[in-house]
Amino acid sequence: MQYDGNRRVVVTGLGASTSVGGDVASTWESLLACRVGISAIEDERFADLPARIAGFAAVDPLEILPRPEARK
């Protein structure tokens, strides 16, 4: 498909929940500061997982969403 220059995009908002920030602003600040969101998994709840490193979300979805939405 060839671009004809007539396509338009509308950005209605930004969202991010990453291992270095719970929103766009804090994620961007962390990236600019070269913060790393990946670390060793030390919690015993994850002892059976084959991975030993992970990046955990900065915000628990249950803190901001109803339970059915958070499970998605």
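A residue counts as buried under 20% relative accessible area, as exposed over 50%, and as partly exposed in between. The exercises below apply this and related ideas to a predicted model.

**Exercise 1. Determine which class of exposure Phe-56 belongs to.**

Solution. The relative accessibility of Phe-56 is 40%. The limits are 20% for buried and 50% for exposed. Phe-56 therefore counts as partly exposed.

**Exercise 2. Describe the aromatic pair found in the whole structure.**

Solution. Step one is the search, which returns one aromatic pair across the whole structure. Step two is the geometry: the ring centres of Phe-46 and Phe-56 are 5.6 Å apart, and their planes meet at 40°. Planes under 30 degrees apart would count as stacked and those over 60 as edge-to-face, so the pair is tilted. Step three places the partners. Phe-46 belongs to the loop between strand S1 (39-40) and strand S2 (53-54), whereas Phe-56 belongs to the loop between S2 and helix H2 (67-71). The two residues are 10 residues apart, and the pair links distant parts of the chain. Step four concerns exposure: Phe-46 has a relative accessible area of 23% and is partly exposed.

**Exercise 3. State the order of helices and strands along the chain.**

Solution. The chain contains two helices and two strands. Along the sequence, these elements follow the pattern α-β-β-α.

**Exercise 4. Compare the radius of gyration of the chain with that of a compact globule of 72 residues.**

Solution. For a compact globule of 72 residues, a radius of gyration near 11 Å would be expected. The chain has 18 Å instead. Along the principal axes, the C-alpha atoms fill a box of roughly 55 × 35 × 30 Å. Burial and contacts complete this account. Of the 72 residues, 10% are buried. Among contacts between residues at least 6 apart in sequence, 21% join residues at least 24 apart. The exposed area of the chain is about 6500 Å², of which carbon and sulfur atoms supply 56%.

**Exercise 5. Classify Thr-27, Ser-30 and Leu-31 as buried, partly exposed or exposed.**

Solution. Begin with Thr-27, which lies in helix H1 (residues 24-32). Its relative accessibility is 9%, so Thr-27 counts as buried. With neighbours within four places in sequence left aside, Thr-27 is in contact with Ala-16, Thr-18, Val-20, Gly-21 and Gly-22.

Ser-30 is also part of helix H1. At 5% relative accessibility, Ser-30 counts as buried. With the same kind of neighbours left aside, those within four places in sequence, Ser-30 is in contact with Val-20 and Arg-35.

Leu-31 is found in helix H1 as well. Its relative accessible area of 47% makes Leu-31 partly exposed. The C-alpha atoms of Leu-31 and Val-11 are separated by 22 Å, and these residues lie 20 residues apart along the chain.

**Exercise 6. Explain what is notable about the phi of Cys-34.**

Solution. The general rule comes first: most residues other than glycine have a negative phi. Cys-34 is not a glycine, yet its phi is positive, at about 60°. Cys-34 is located in the loop between H1 and S1. With a relative accessible area of 65%, Cys-34 is exposed.

**Exercise 7. Give the distance between the mean positions of the positive and negative charges of the chain.**

Solution. The chain carries 8 positive and 10 negative charges. The mean positions of these two groups are 9 Å apart.

Technical notes:
Residues are numbered from 1 along each chain as its sequence is written. This is a predicted model: local features need pLDDT of at least 70, side-chain atom pairs count only at pLDDT 80 or more; totals for chains, interfaces and linings use all residues. Side-chain values use heavy atoms; hydrogens and water are left out. Helices (H or I, at least four residues) and strands (E, at least two) are DSSP runs, numbered from the N terminus. The radius of gyration is taken over C-alpha atoms; the globule rule is 2.2 Å times the number of residues to the power 0.38. Buried means under 20% relative accessible area, exposed over 50%, partly exposed in between (1.4 Å probe, protein chains only). Contact means heavy atoms within 4.5 Å. Accessible areas come from the Shrake-Rupley method with a 1.4 Å probe; for residues, only the protein chains shown count as cover. Lys and Arg count as positive and Asp and Glu as negative; His and the chain ends are not counted. The place of a charge is taken as NZ of Lys, CZ of Arg, CG of Asp or CD of Glu. Rings of Phe, Tyr and Trp (its six-membered ring) pair if their centres lie within 6.5 Å; planes under 30 degrees apart count as stacked, over 60 as edge-to-face and the rest as tilted.
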